[in-house]
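User: I'm new to reading protein models and would like a close look at one part of this one. Could you take the charged side chains and the partners they meet, and then show me what else sits around them?

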Amino acid sequence: MYRVASASEYLVITGSGIDDIKIAKKAWVFPGQTYAKFDITPVNYSFDVQAMSAEKLPFILPAVFTIGPRSDDNESLHKYAKLISPLDKQSHHLNELVMGIIEGETRVLAASMTMDEIFKGTKDFKKEVFEKVQWELNQFGLWIYNANVKQLVDVPGHEYFSYLGQKIQQEAANQAKIDVSEAKMKGEIGAKLRDGQTLQNAAKIDAETKIIATQRQGQGKKEEVKVLTEVKVFENQKEAEVAEANAELAMKKAKWAKESQVAEVEANKAVALREAELQKEVEILNALTRTEKLKAEFLSKASVEYETKVQEANWELYKKKKAAEAILYEKEKEADAQKAIAEATLYSRQQVADGELYAKQKEAEGLVALAQAQGTYIRTLLGAFGGNYAALRDYLMITGGMYQEIAKINGEAVKGLQPKISIWTGASGGGEGGDGGLLKEVAGVYKMLPPLFETVHEQTGMLPPTWMGKMNVKES
């Protein structure tokens with residue numbers, strides 16, 4: 001049967017005459033072979049991944065991934081055909097597989113970053129999630145055609161982003177009130193200062209004008225003693241009023257200067273007090289962040305090791321299952337082949353007697369021709385290598401598969417080795433800070449040295465140097 005796949009499909013063929021599987025757009029399907037079609041159209045997967053930052057702050061990361069098989073890579077198509085194509089693209093199992101990879105990588109990455117690092121570096125965070133998820137999907141022959149990570153969303157009951165926005169708005173409103181008060185204070189002080197200067201200058205001009213007028217009247221009318229006396233009295237009164245106005249203006253200036261200095265000192269003290277409070281909050285958050293980051297690192301490492309072991313176990317189970325199926329198929333084909341051989345043996349034995357003499361003659365002629373050809377071939381190679389026998393020897397060993405056989409023998413020699421692996425844990429006190437906590441961490445490191453030396457001695461026979469300590473060796 002001749003089968004042809006559509007534009008977005010491939011044929012996967014297995015059976016007689018095919019070692020593993022064969023992938024093609026069109027091909028002949030012979031008896032003893034089976035075929036199936038699989039679609040390579042990408043599919044959109046929408047998820048709301050719930051993760052937690054290094055400060056133990058939960059958040060929701062909405063994401064949409066467009067995922068499908070990589071059509072330009074033959075190895076990826078083989079992986080997809082064997083592992084994913086038997087499943088429906090919209091099946092629950094495939095959705096769980098893709099979502100599990102995305103959630104796992106997102107949570108591990110988020111646990112190593114603070115909320116500020118995730119929020120401010122959204123582009124870098126998306127890039128790292130994309131690369132880690134793509135690395136995991138490669139083993140299934142899948143490719144991410146597009147990834148859209150939306151804005152972070154608060155988890156119900158943990159309104160971190162809402163509180164952060166309210167905090168920024170309140171700080172801006174308070175700063176605006178402070179700026180308005182300072183501008184109003186400067187405006188009132190400037191207006192009062194201008195009014196005082198105007199009154200002072202007006203009084204001074206009036207006094208000078210009156211003095212000049214009085215002098216001219218005294219020079220022109222010496223006889224008007226009464227008028228001059230009244231003018232003098234008037235001048236004295238004006239001078240007294242000017243003096244009183246100057247004194248009052250000086251008092252007001254002193255009062256305004258005092259109020260201005262007090263307001264400036266209060267503003268400086270308020271700023272310094274607020275800076276001290278913010279610095280205290282920053283130091284507290286930094287201490288909590290460092291503590292949570294250490295916890296998250298240990299937790300993420302343990303989670304990654306666990307997931308890696310599970311995937312390795314699943315892969316080993318899959319390989320063993322396929323090997324068992326291949327052995328069963330091989331045994332069935334061997335039985336069919338033996339039957340055909342038995343039927344052909346009778347006929348071949350009848351023809352052997354007739355062709356034995358002729359075969360011996362041709363075999364002798366072939367040996368002579370082969371020896372002559374090999375001699376000519378070796379002389380040609382030796383001439384091509386410039387008479388270098390060592391180069392000729394290496395070339396013959398390479399073409400003869402000698403190095404492959406040596407590598408195979410070395411691999412079989414180390415096959416089945418079971419190295420001993422020892423795992424120990426050191427107890428350390430948690431929740432204590434300062435020098436006491438650091439000393440306990442150092443003590444924990446030294447507690448791990450004896451079992452480490454013992455393991456090295458058991459596996460390699462080596463002992464630590466004498467300056468580090470003496471270890472009791474158990475004789476076996």
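Analyst: Let's start with a term you'll need: pLDDT is the predictor's confidence in each residue, on a scale from 0 to 100. This is a predicted model, and the mean pLDDT of its chain is 76, with 82% of the residues reaching 70 or more. Watch out for residues 426–432, though: the pLDDT there is below 50, and the stretch has 4 contacts in the model beyond near neighbours in sequence. Where pLDDT is low, the predicted coordinates should not be read in detail.

Now to the charged side chains. Searching the whole structure turns up 8 salt bridges, and we can walk through some of them.

Take Arg70, which has two things going on. Its side chain meets that of Asp72 in a salt bridge, at 3.1 Å from N to O. The charged end of Arg70 also sits over the ring of Trp143, 4.4 Å from the ring's centre. Is Arg70 buried or exposed? Neither, quite: with a relative accessible area of 30%, Arg70 is partly exposed, because that label covers everything between 20% and 50%. Its partner Asp72, at 63%, counts as exposed.

Next comes a pair inside a helix. Lys79 and Glu75 join in a salt bridge with 3.8 Å between N and O. Both belong to helix α1, which covers residues 74–83, and because they are 4 residues apart, about one helical turn separates them. Lys79 is partly exposed, with 27% relative accessible area, while Glu75 is exposed at 52%.

You'll find that spacing of 4 residues in helix α6 too, where Lys252 and Glu248 lie about one turn apart. Their closest N and O atoms are 3.5 Å apart, and they form a salt bridge. Lys252 is partly exposed at 38% relative accessibility, and Glu248 is also partly exposed, at 42%.

Stay with α6 for a moment and swap charges for rings. This helix runs over residues 225–384 and holds both Trp315 and Tyr318, 3 residues apart, or about one turn. The structure has 3 aromatic pairs. One of them is Trp315 with Tyr318, a stacked pair with 5.7 Å from centre to centre and 20° between the planes. It counts as stacked because the planes are under 30 degrees apart. As for the surroundings, Trp315 is partly exposed at 44%, and Tyr318 is partly exposed at 22%.

Back to charges over rings: Lys25 lies over the face of Tyr10, 4.7 Å from the ring centre.

For a contrast, look at Gln33, in strand β5 (residues 33–39). Gln33 has a relative accessible area of 16% and is therefore buried. A polar atom of its side chain lies 2.7 Å from the backbone oxygen of Ser16. Leaving out residues up to four places away in sequence, Gln33 touches Ile13, Thr14, Gly15, Ser16, Ile18 and Trp28.

One last stop is helix α7, residues 389–399. At its start, a side-chain oxygen of Asn388 comes within 3.1 Å of the backbone nitrogen of Ala390. After α7 you meet Gly401, which has a positive phi, near 75°.

Conventions. Residues are numbered from 1 along each chain as its sequence is written. This is a predicted model: local features need pLDDT of at least 70, side-chain atom pairs count only at pLDDT 80 or more; totals for chains, interfaces and linings use all residues. Side-chain values use heavy atoms; hydrogens and water are left out. A polar contact is a pair of N or O atoms within 3.5 Å; within protein, one must be able to donate a hydrogen and the other to accept it, and residues adjacent in sequence count only if both atoms are side-chain atoms. Helices (H or I, at least four residues) and strands (E, at least two) are DSSP runs, numbered from the N terminus. Buried means under 20% relative accessible area, exposed over 50%, partly exposed in between (1.4 Å probe, protein chains only). Contact means heavy atoms within 4.5 Å. Rings of Phe, Tyr and Trp (its six-membered ring) pair if their centres lie within 6.5 Å; planes under 30 degrees apart count as stacked, over 60 as edge-to-face and the rest as tilted. A charge sits over a ring if NZ of Lys or CZ of Arg is within 6 Å of the ring centre and within 35 degrees of the ring normal. A salt bridge is a side-chain nitrogen of Lys or Arg within 4 Å of a carboxyl oxygen of Asp or Glu.
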